[in-house]
Each structure stands twice: as C-alpha cells, then as structure tokens.
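Please work through the exercises below with the sequence and the model open beside you. Each one sets a task and then gives a solution in steps.

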Amino acid sequence: MALLETENGGFGAEGNESDAMVQSCLLSGFSESEETRALITSLPEVHGNSVTSESATQRFLVILNRYQEQPHLLDPHLEWMLNTILEFVRSEQSPPSLVHLGFRFLYIICKVRGYKIFMQLFPHEVADVQPVLDLLSRQDPKDTETWETRYMLLLWLSMTCLIPFDLSRLDGHLEPDGSKARESIMDRILSIAKCYLVVSDTPRDAASVLVSKFMTRPDVKLKRLGDFLDWNLTTISQANDQSMGDIMVLDGALQSLAKLFKHGKRDDILKYAPTILQCLEQKHLSESSQAMMRKLGVKLTQRLGLTFLKPRLASWRYQRGSRSLAANLSTPKPGGATDAVTPDVETQEKEEDYDIPEEVETVIEHLLVGLKDKETIVRWSAAKGIGRVTGRLPKELADEVVESLMDCFSFQETDNAWHGGCLALAELGRRGLLLPSRLPDVVPLIIKSLTYEEKRGACSVGSNVRDAACYVCWSFARAYEPKELEPFVSQIASALLITTAFDRNVNCRRAASAAYQENVGRQGTFPHGIDILTAADYYAVGNISNCYLNISVYIAGFPEYTKAMIDHLVAMKINHWDGAIRELATKALHNLTPQAPDYMATTVLPQLLPVAVGMDLHGRHGAVLACAEITHALYKLGLQTNRSVVDIIPLECVDALKNMHQVLHDRKQYRGFGGELMRPAMCVLIEKLSLSKMPFKDEPVITGWQWLIDDTIKSLHLISSGAKDGITNALVSALSALCEEYYQAQPGQADSQMQDVLVTQYTEGLRSPQMLTRCGSALALGCLPRCMIQSKLTQIFAGLQQMCSVSQKEGTFTEARRDAVRALAQVCVKADVCAHGSPDSTLCSENVTEVFNTLLESMSDYTTDSRGDVGAWVREAAMTGVMDVTMLVAATAPNILLPDIVRSMMCCLAQQAAEKIDRYRAHAGNIFLRLLHSTDPAVPHIPHREELLGIFPVETTTSLNWNAPSQAFQYITQLLGLPQYQYHTLLGLTVSVGGITESTVHFSSQSLFDFLRGVQNDDAALMQFGDTLLRIFKDNLRNDRVSIPLLKMLNQMLANGCFEIFTTQENHQFCVDLLALCKELKKSKDISKLRASIYVFCGLIQFQGEVRKKVLSQLLMLLCHSFPVIRMTTASQMYEMLLTYDDVIDPEVLDDVVTLLSDTNWEGDLVTVRSQRNQLCDMMGISRPLIVVKNAGQAS
C-alpha cells in the first residue's frame, strides 16, 4: 500500500533514494522472453543429460521467480510457452525424459502465475480427454522424481472435464469380444481422483481441483456424487490424525470436500451437508495437533454454512457510496453521491422472512472457536468464514454474531483470540456487515488492540494483534462514510499515531502508518493528516530511535495529539519489559516536555514519583529515568524564562526526588539483579538533578548519592558483563555533574576536603585487586571537573601512570590500562597548559614528557589472551589520547613539545597505520593525517613534513579509506623511503605482510615489493633497508608476534628476488648477519617458527660463498630434528630448493640426492633417519653434524 503511494509521487519523505528503492522493485514487462523461448526450444537437446537439464531448469526457475510478485506480466506470454511445451509432450517421438522435463517447466510457470489462471489455458476439447487420461494412467504415483508431471496432468484433466458432452458418449463399446469389460471414462477419472487424493505429495492438491470440476458435472453428480461422498466420509472417519500417512489422506479428503462445496450447486449438495457436518463434529478436527487439519476443518465448515444458507446478498448491509479519493479530500456536497445506500424497510422485512437451519448455529460456533486457534492460518480462514456466513444472515442474527465476536476481546482471552477477533471485525467492516450503530462498541476494542501487549517470560506477545488492529482501521477507512467515523476520529487518529511512533515492532509501526494514510485519504477528517504523513511515512518509521526522538516530537506539536502521546508513554512504555524501550520512552518524554510543560510538572511528574519507589522493577527503573529526564527538561525551559526548577515543580515533588535514594536504599533495592537496573537509573537521576541545579547543597542526600557512586565502583565486579558498560558510563556522568554542582566552595574553587577525599580514594582504587574497580577509579579520576584536579595533578598523574605501566605478569588488567590511558588524556585536557606553570596544577614542561612517554609506551601494548589482541584497546585509547594532548599543547604552549616527543609520536602512529587490524590501522592513519595537516594549531617538529605532505596531500584526509588494505598500504609503504620513519613503518608492515588475512597480506606485500623494486638500483637505500630489517629481527628475536611474521615476510622477499643485488657478492654482510640471526631460532620449540625459518634457509641458498655451505649445513641438521613434522618439512623444502637452484650441488649427484630426499621416510626412527642424512652430507660434500651427548662433554 505504502509502496504504491510512494511510487506514484505520494508521501515518501526520503527523496530520490527512496524513489529509486521502490522503482527498482517494480518490473515493467517480461524482459526475458527471448531467453525463455530459447530455453524452452532447447528442451529436446538438453533432456538426455542430467547436468544440462538441471542447468536449464535452474535458469528457467531464476527467470520466472523474479515475477513472483508481479505474475500478471507473464500473461501475454503464457499461451506460446504452453503451446511450445505441449508440442513436445504430445509428440509420439518424445522420450519420457523430455515429457517429464516439459511438465517440470509447466509446473514452474504454474507455480508463479497460479494454477487458477494457468489451467484455463490448457486445451480442453473432446479429443484431449482420452490422451490426457491415458498419459496420466501410465504414471507411477510413487515416483518422487516426476511429481510435476502428475500435478500438471491432473490440472489438465480438470479442464478437459468441462466439455459439455455426456462422458458416456466417449466410451464406445465397453465389451469387446474375447475380453472382460473395459472401465468407463467416468469411472477411470474417478479412480484416478481417488488414487491421487491419498498420496503424500503435491499432486494431492491438483486431485482436489479435479474432484471439484469432475463431481459437479451434471452426468457425474447423478451417478457418482453420493458414492464419492460416502467414500470420502468413510476415509475421514477411519483416518487417524496421529499418523503422518493418515494426515495426508485426511488432507486430500478435506480439500476435495471444501472445493466441492465451493463449486457445486447448492441444490445438488444441500442434502449431504448435514451428514458431512456431523462427521466433522465427530472427528473433532479443532483438537488436532496439525494446523493444516484445523484450517481445512474450518474451511469446510464455513463452506457447509454457506450451503445451508441461501446465496443472497444481505439487504441490510451498510453500503458506502462513492469511494473516490478526490471526492473525499474535497468538500463533500450535502445529499451528493457520497451518501450511503440504505434499502427501504419493506424490502428488508420481505427478504429476511425465511427460516435459518439449526446447523448454521453449529457452523458459527465452530468458526468462533477457530478465531481463537493458535495458528494464524486457521484464524484467518475462520475470520473469512465469519464474514461470508454473516453476509447471508438476517440483521438480528448477524448482530448476535457481532456480539459473540466482541467476547474475543476480553482480557481473559489469549492474544490468539484478540488477533482472530480483529481479523473478523475487519472482514465484517470490509463487507459492510458491521453497521454504524455498532461502532461505539467496536472502536474502543480496536483502540485497546492497537496497544495490546502481554508479557511472556523474557519477551512479550501481541505484535500480531496490533498489526491486525491496524488492518481493521484500514478497512474501516474504506468501508464507512466520513460522517459515520467522525465521532471516533480523535480516538482512532491518536491511537494510530501512538502505534506509528512508539510500537516496538517495525511492521506494526509501518502498518499503523499505512492505516493512518488510508484514513487521511478516504475520510479526509483526520487533523493535520497530510503534514503528519510527510514526516511519518513508510521509510521514516523504520528507525525506532527516529520515531521516539524526532517523529513523536513533530506529531506532539499538534495539540490534538500531545497529551495522548505523553499519557501513552507514561502508562505503557516506561514500565515496558524491554529496557531499550524504557530508555527511549524517557528520552521521548524529555523531548516532549516543551510541548506541555505545565502538564508534565503538575500531572505527569506527581504520577511517576510513586511508581519510582514502587515494587515493580521495570516500572521503578523507567519511572526514575523519566523523573530525571522530565526534571532536566523543565530546568532547560526555566532558563528561557529566568525561573528555577523549584519554581516550576511542586514542592512535594522536589522532596520526593530528594528522598528517592534513601527510600530505595532502605528497601535494599540496590542489590542483586534489580540493582543492575536501579544503580545506573539513580546515577542518571543524580546527573540530571545536578545539572538542573537542585538546591540540595550540604544536605545529607549528597552524601547518599556519593555513597551510591563509590559503592557502585567497588562492586562493579559483581555486576553481569552485559550491564557493566552502561553502569560505568552512568556513574561517570553522575560523578562529574555532582562535583561540578555540589563540591565547589565557590565558583571555580573546589571544596578542599571533598577534593582530598575523592582524589585519594580513587588513586587508591587504582591499586585494587579487582580489575573493574581499577577501571571505575580511573574513569572517575578522568571525569573530575577542572576545579577538583587543581593542585592534585601530580598525585593523579602518578597513580594513572603507574596503572598504565602494569605488566601482564601482575594480572590481567588490560581494560584497566585502557581506562587509565583515557583518564590520563582527559585529565590533561581539563588541566591548564602553561610552559612554566606548577606541575601540581598545570601541564607544563616538567611533566609533559612523562605524560607523552606514558601514552607512547601504551601504544606498544600487544597483550593477548583468549579474546585475542586485547592490547589493541589500550593502543586505540593511547592514540586518541596522544592526539588530544598534542592538539591542546600545540594550541597553548607549542614550545614544550620537544622534537624527540613529536618524532616518537609520529613514528608510533606510522607503525600503527601499517599494521594488520583494519579498525586500528584506520584510527592511527586518520590521527596521523589530522596532526600532519593541522594548521590551527600547527604541530611543530614533525620529521620530513614536506615529504609527508607530498605523500599525503590534503585531499587524502577525506578520500583515503584506511580500512581498505587496497588503498592504505600503497600510501604507507612510501614512508619506508624516509629514514626516521623506516624502522617503525617496516615493523608495522611486518605483521601485515606476514599475517594470515588474505587481502591484507596481498595488498601489503604488493606495496612493499613495489617499493623495493623502486630502490633495486640504489645500493645505499637497499643496504639501509636491509640494516633496518636486521635490526627489527634482532630486537624481536624472542617476540613471536613479530619474529614469525618477519620470517614469512623474508621468505616472500627472497622468493621475489628483492635482494638479488646481494647475490652477486660472495658472503655479503646482509646474508651473513641474516643467517646468524636465523640460526638462533633452531633452539625454539615453536613448530610454526621452525617451519618459517626452514623456508628462509631455503631462500638464503641463492647467496654465494660460505653462506651457502652454512645454509646447507643448517638444513641437514634440521633433517634430524626431534620433531618429525620439521624433518618432513625440511626434506620437502630441500627437494623444491634443489630443483629450483640447480647450481647448489654437483649435477652428477643431484639425481641421487633428490631421490634420497623423496624416498626416505623422514618421520621414521631417528637412528635410521640420521644414517640417511649422513649419506646426503657425503654426497653434497658437507661435513656431517656432530652429535652432542649430554653430560659427556665430548662430541662423538
């Protein structure tokens, strides 16, 4: 509904993007007709091969599935598709595989277009009866591969049954000489129908269609209808709905009866209806565990009810006149064409003067029970049945049905009954069977349904009820004249807008928006309808935060809806079971306060205060948050009129807000699970009351609030992990606001006693054995206002710096180090910066170096645990802190930013910008560019500033996506050409090139090799790069985080000939030093490190001189390593190495060496392996390695 209106230029509010989205979903025609024709004509060629036939079928399926929502586009093409396929099917030369494939294609078309439309295209002449019947008789009902053939043949046979000739004319002579009597056409069709009604696959549905067409023929109903119904009822009576096979039989029998009573003439089938109804009652299908059985039972029951009643259109029904949207939106003319049609009384009395069978009451009773079923399909079928049956009843009886229907809306009923009741009301309204006189009773029920929600355990039910209630409102808009609904416009409009803005379920919000849109268009009486629809259209209501915080404010700006929306939030949403909804509701109340400040202060706030100290946990939590938000909103409004908040809020409310903490504390409601909700809620209240400047200074309540904050910090480790972040953020905000308002002796000067207490307490908390207490204490120090940290800076810096330097050996305090780094930066930003100031009160030349050293050391935190690289949290906080502090100092006292500090800072950022984790690389890269391009203030002493500006022009601050390896590494590798950045950049690149993420490895190694290719002809640059590489290797020899990726990177560099210039010199110093470092790794027990070193040894074989012999010696020693997997890896790599570098050993022994390497079982016994290794040493001219005997002192 909303899609069509947006497409037609209606109420879409998202502009071109939304229009494009809608239009992309709409197809203008069957654009693949040529491809489809080619696929169908290719069937004779592809049918014999299972691969080609499956490929053609899948392609055909993909094409047609695009038209599932617009199947009418296929209509002009259905005939030629059907005729082309039937040519193959009818041909006597067509093999069975082609016939089955053709019917599979027909089934795909039928599935998309619907069998009711498609089956009408089948040829149905007299000449078609016998061939179709013969082909169907030859099918195996149990063949699971060809069910599409049987399904389509049954539909085809259904159409051939419509020929207007007696079937006996087609039988000819049924008793040929010398053989037994042949079966008549009528009996053959009936046998086939009965056979397929009890199968377990899809042809069962087609068989029920066949029954409905065949059994209603004049000749068949006279001879076979009674017998068929007897067979059907016997089948139903004997079937057991606990057995899966019997369930399929029941399904077929019930489907056939339902279709038969739908298409059969009333005079022919009326006499059988009571017997069938009695059989259904005895079967108790409403108690079946199978939803489909219950649905078919309801469907058949309503068909029986319609059979009992004469096919008539109720003369008493409400008939709306003109339904033109243009007429509704324009001013209606009195007595015009829009008046409802009302039949004269005499005609009504005459038409209603007939008897209603007793069975109808039973039918209606079953349908009312079906409305309460637990499955939607059953309830929907029952609702349609109620509408159809009621349409044939006299007015008085129809009114009784409506009366019974309204019992579904009792609060003793389940959500299923409410949902079924809504569907039935919508059906009655749509058909004009719900008279306007009933609207005063029905509308209040619909209003309740629009907000229906029942809590079940940890969630709730009722979204389907609210959605159905929106459907009722939509149907009423189309069913009634504006004058009929006018008395209820205010209620319906408010309820729909409340659901549009505040429903938790996005489908309900969109349904309410669509229903409101329909009412605005059809009724034309909804206040401010067009304006509201522009803001609350289908797309805008998709985001729940936008609904609560923006759309609701716009709607409440119209006075007709303001109080209704506020009342709903207070009554239904602040005590909602979902905490996110409660929080959004309180923020919405904050935003709505300016619309009705007096109502909020004098009515809503006094209403919330008792709930805030009540027994219901969710209500208490939401009410406390709501009180906080409303009070703060009233304070901000008071600022505009120079009134304090106590002048706006009643005195009793002020006292209740003051005493709220003590009441909760006395009731011990800060403990346990409830405490996880109430502690952050009270912290929000403390923050908002402090910001609202409540006159509580020096009162006991302040001590109570401080106790709550401190106790929460100490007990953070007792709180579940999901609630920790929310509680921490709330208490930090509360402490900051509390100190700012109540701990100042005079403006800008802290209360010295509280200052000493808090700073000492939180610095001692940094040494707590509980990690979360350390986190809370650090964040508490970071949030203290400027007045509280003056003259305490040295003490705070010392505590935080000590926390930042805690090693992993002392405990897993990663999160605490992260928060300490954040706090350190926050304290620096709040403190004054003065080059020659006191280190106890300002950031000055005496302490700035220590601060930067602490932050830069934190940027090298690579702690790992079971969660992965948790040190990244610390590094991220440190990078942010470095940026904030640097910008602050550069703006105020740039002379205390020493060149060494800036150089270390930029180098560390370059390293982080070259590493493998996308998020942290992007964070570092963006900070690097911000510091580089900052002009106000400009950061002094950046090394190679001009070269950096050439590499990173100002456009890269917005265009460069650091998250994408394909973009980032081509820039960052250019820093390798700048001497001061080379070490750190290469260190960062090492873990990227030697990593495991494919895209990162690919683009980082590609960029690195591009750089190395550019310096191949520059001996000095390549030597400098080699020296830097060796220095990184030496510095991180025992650091697996770097050494293993470094070995992998070296392997790639050697394999790509990056050091080819060094191979021309014998015993080049780079090769000698690299070999010496690699030899150190032999002692490692880490298999991944040993394997990586083997690859590097094999790469080093390309260098000339003594290095080659030493490399071979190392590899031969590894052939006798104690780990079998290392021996196997060494042998494999040596084999590949000798084939790649054929000049390593004497060509005369090469074949023997390679054969020995490949044939020996290197995972075998070490003594045997050693003899083979020694044989290799002799062949290659390498000295045999000596065996060191422990405690012997002499090698043998």
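**Exercise 1. Find how many aromatic pairs there are, and describe two of them by distance, angle and place in the chain.**

Start with the rule: rings of Phe, Tyr and Trp (its six-membered ring) pair if their centres lie within 6.5 Å, and planes under 30 degrees apart count as stacked, over 60 as edge-to-face and the rest as tilted. Applied to this structure, the rule gives 28 aromatic pairs.

Next, take phenylalanine 60 and phenylalanine 105, whose ring centres are 4.4 Å apart with planes at 20 degrees, so this pair is stacked. Phenylalanine 60 belongs to helix H5 (residues 50-65) and phenylalanine 105 to helix H7 (residues 96-113), so that the pair links distant parts of the chain, 45 residues apart. Helices here (H or I, at least four residues) and strands (E, at least two) are DSSP runs, numbered from the N terminus. To judge exposure, use relative accessible area: buried means under 20%, exposed over 50%, and partly exposed in between (1.4 Å probe, protein chains only). Phenylalanine 60 is buried because its relative accessibility is 0%, and phenylalanine 105 is likewise buried, at 0%.

Then compare tyrosine 107 with tryptophan 147, an edge-to-face pair with 4.8 Å from centre to centre and 75 degrees between the planes. Since tyrosine 107 lies in helix H7 and tryptophan 147 in helix H10 (residues 147-160), the pair ties together parts that are 40 residues apart in sequence. Tyrosine 107 is buried at 16% relative accessible area, whereas tryptophan 147, at 21%, counts as partly exposed.

This is a predicted model, in which local features need pLDDT of at least 70 and side-chain atom pairs count only at pLDDT 80 or more, while totals for chains, interfaces and linings use all residues. Residues are numbered from 1 along each chain as its sequence is written, and side-chain values use heavy atoms, with hydrogens and water left out.

**Exercise 2. Locate a cluster of rings, and then two rings that have a charge over them.**

First, follow the ring pairs that link Phe928, Phe952, Trp962, Tyr971 and Tyr981 into a cluster. According to UniProt, in an unreviewed entry, residues 904-1089 are listed as "domain: Tubulin-folding cofactor D C-terminal"; UniProt positions are given in the numbering used here, feature names are shortened, and annotations may be inferred rather than shown by experiment. The span 904-1089 is 67% helix and 0% strand, and its end C-alpha atoms lie 30 Å apart.

Second, apply the rule for charges, by which NZ of Lys or CZ of Arg must be within 6 Å of the ring centre and within 35 degrees of the ring normal. Arginine 37 lies over the face of tryptophan 80, 3.9 Å from the ring centre, and the charged end of arginine 510 sits over the ring of tyrosine 538, at 4.3 Å from its centre.

**Exercise 3. Decide how many disulfides there are, and check two cysteines.**

A disulfide is a pair of cysteine sulfur atoms within 2.5 Å, and the count by this rule is zero. For cysteine 161, which is in no disulfide, the nearest cysteine sulfur is that of cysteine 195, 15 Å away; cysteine 161 is buried, at 2% relative accessible area. For cysteine 653, also in no disulfide, the nearest cysteine sulfur is that of cysteine 627, 8.2 Å away, and cysteine 653 counts as buried at 3%.

**Exercise 4. Identify backbone features that depart from the usual pattern.**

Recall that most residues other than glycine have a negative phi, and most peptide bonds are trans. Aspartate 936 and proline 937 are joined by a cis peptide bond, with omega about 5 degrees, and proline 937 is placed in the loop between helix H49 (918-933) and helix H50 (945-951).

Turning to phi, histidine 528 is not a glycine, yet has a positive phi of about 55 degrees. Histidine 528 lies in the loop between helix H29 (506-523) and helix H30 (529-535), and is partly exposed, at 31% relative accessibility. Lysine 668, not a glycine either, has a positive phi of about 60 degrees, in the loop between helix H37 (651-666) and helix H38 (672-691).
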